[in-house]
Amino acid sequence: MLSLKQSLRRINCKLIQNLHYSSVGTQTFFSFGEETHDPLYVDVPKPRRRSSERKPYPTPMTVLMKRAKEEKELRKVNPCRMLEHRPDNGLLVPELVDMAHRVYQARESLLSGIAKLIQFMPVLRCRFCFEVYIGHVGHQIRTCNGPKAGFRHAMHAWRKGGVQDVIYFPYCFHIYDRVGKPRVIHKERFNVQRLPAIVELCMQAGVDLVKYPALRRTKPVYCIEGRIVDFESQTTLSGHGDNQEPNNANFLYFTPKVKANDSGENLITSLGQLSSNNAEGLKDMGTRTLELWFEMISGAKKIMEKYTVWTCGYCPEVQVGPKGHKVRMCKASKHQSRDGMHAWQEATIDDLVGPNYVWHVRDPCGPPLNNNLKRYYGKAPAVVELCVQAGAPVPDEYRSMMRLDVVPPDIDEVDLVA
């Protein structure tokens with residue numbers, strides 16, 4: 001019979017064999033029992049192995065097929081019916097109107113807060129790729145895949161970055177009537193305005209902007225064999241100007257509550273009053289900016305539960321509305337077989353707001369991150385990393401992603417670590 005010491009040695013060897021460290025910044029931890037379902041455990045999303053690989057479906061395909069069959073059977077039973085559920089019937093969801101305004105205000109305030117923070121916390125980006133780093137001296141991790149990266153041994157060439165490098169908002173086409181004309185065709189691609197997708201989401205949920213008019217209905221529409229039909233008497237609109245309103249009483253063009261040219265400077269006046277030379281003021285600014293980030297993300301998730309957002313399965317294109325547009329502008333894998341059309345699927349919050357994951361730096365004043373120790377470093381969204389370095393407390397949602405529980409060894413101890 002094996003002794004207790006020999007049994008422990010065998011178990012220890014099996015545990016070490018099950019540990020797997022990824023070279024791209026992701027790590028799969030070995031855990032016991034129900035610890036894998038811990039809601040606080042979040043790791044860096046794994047990138048696609050190949051560019052030709054499609055994004056994973058948020059909703060399983062079997063559920064989508066079952067839902068489509070149910071809708072088809074419903075149209076057969078009742079081919080002509082009035083849509084009752086909002087916002088599919090053209091009406092706003094009342095409980096999400098205030099949420100949309102808060103998300104829009106949080107986005108404007110977030111951009112203003114980031115612009116103030118990067119004046120004291122430097123942001124660097126690579127000249128040849130999209131790598132971003134928060135700190136005074138760029139890291140030495142060899143992950144550059146830009147032009148002539150082989151001549152530089154995959155080392156990054158750092159330069160000063162800006163707000164657009166910290167957070168990225170993809171653009172989409174503006175939909176004037178999301179029910180009557182939900183799609184933009186290829187010939188209209190130069191005539192339809194484009195704006196950040198999260199702004200378009202807030203507008204369809206109830207935010208009114210002067211620069212981007214939207215048609216609001218007060219009565220639901222009908223569905224006849226899958227086609228949206230409005231039996232209410234409509235008068236042809238003479239234009240979409242800011243001061244023009246439809247003559248029909250069944251349509252209501254709301255008075256704008258928020259102007260599109262607001263720069264967000266007046267939205268967080270409390271941050272502007274903080275002393276830039278005071279470390280406590282910088283900490284408060286980072287904490288407030290981090291709160292705005294979570295407010296925007298959580299609010300956008302709730303709105304996306306009712307208002308559909310689409311993304312291409314092969315490229316970063318996003319479209320807010322009941323259907324994706326028909327503009328032939330996809331240049332990703334297999335676009336020739338689709339004649340340049342996008343392969344639309346359900347979008348996630350990361351498609352709507354680009355988090356732009358960066359390496360987490362525990363000591364901003366210490367030595368730069370070493371390439372030989374990259375498997376011990378964690379990552380976080382650039383906004384979170386910027387706020388944490390400014391003094392904000394580390395959110396519980398990103399503790400595991402930052403790998404705060406991992407102690408990186410010294411460079412001369414790397415070969416001694418199992």
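Reader: Does Tyr398 count as buried or exposed?
Author: This is a predicted model, so everything here is computed from it. The relative accessibility of Tyr398 is 13%. The cut-off for buried is under 20%, so Tyr398 counts as buried.

Reader: And how does Phe294 count at 26% relative accessibility?
Author: That 26% is not under 20%, the limit for buried, and not over 50%, the limit for exposed. So Phe294 counts as partly exposed.

Reader: How many aromatic pairs does the structure hold?
Author: Phe294 and Tyr398 make one pair, with ring centres 6.1 Å apart. Counting up the aromatic pairs in the structure gives three.

Reader: What kind of pair do the rings of Phe294 and Tyr398 form?
Author: Their planes sit at 45°. Stacked needs under 30 degrees and edge-to-face needs over 60, so this pair is tilted.

Reader: How many residues apart in sequence are the parts that Phe294 and Tyr398 tie together?
Author: Phe294 is in helix H7 (residues 279–304). Tyr398 is in the loop between helix H9 (382–389) and helix H10 (399–402). The pair therefore ties together parts of the chain whose separation in sequence, in residues, is 104.

Reader: Which kind of pair do Trp359 and Tyr377 make?
Author: Both residues are buried. Their ring centres lie 6.4 Å apart with the planes at 80°. Planes over 60 degrees apart meet the cut-off, so the pair is edge-to-face.

Reader: Which residue has its charged end over the ring of Trp359?
Author: Trp359 belongs to strand E16 (residues 357–359). The charged end over its ring, 4.6 Å from the centre, is that of Lys379.

Reader: Which element gives the most to the largest nonpolar core?
Author: That core has 61 residues, and Trp293 and Met296 are among the members touching the most others. Elements supplying at least two residues each include helix H3 (94–117), helix H5 (197–205) and H7. With ten residues, the top contributor is H7.

Reader: Which strands stand at the edges of the open sheet, each with a single partner?
Author: The sheet has three strands in the order E14-E13-E15, with antiparallel pairing. Each edge strand has a single partner, so one side of it has no neighbour in the sheet. Those edge strands are E14 and E15.

Reader: Which residue in E15 does Cys312 stand opposite?
Author: Strand E13 (residues 309–312) is joined to E15 by three bridges, and the two run antiparallel. Opposite Cys312 in E15 is Trp344.

Key. Residues numbered from 1 in each chain as written. Predicted model: local features only at pLDDT ≥ 70, side-chain atom pairs only at ≥ 80, totals over all residues. Heavy atoms only, no water. Phe/Tyr/Trp six-rings, centres within 6.5 Å; stacked < 30°, edge-to-face > 60°. Helix = DSSP H or I, 4+ residues; strand = E, 2+ residues; numbered from the N terminus. Buried < 20%, exposed > 50% of the residue type's maximum accessible area, 1.4 Å probe, protein only. Lys NZ or Arg CZ within 6 Å of the ring centre and 35° of its normal. Core = buried A, V, L, I, M, F, W, Y, C linked by side-chain atoms within 4.5 Å. Pairing = 2+ DSSP bridges.
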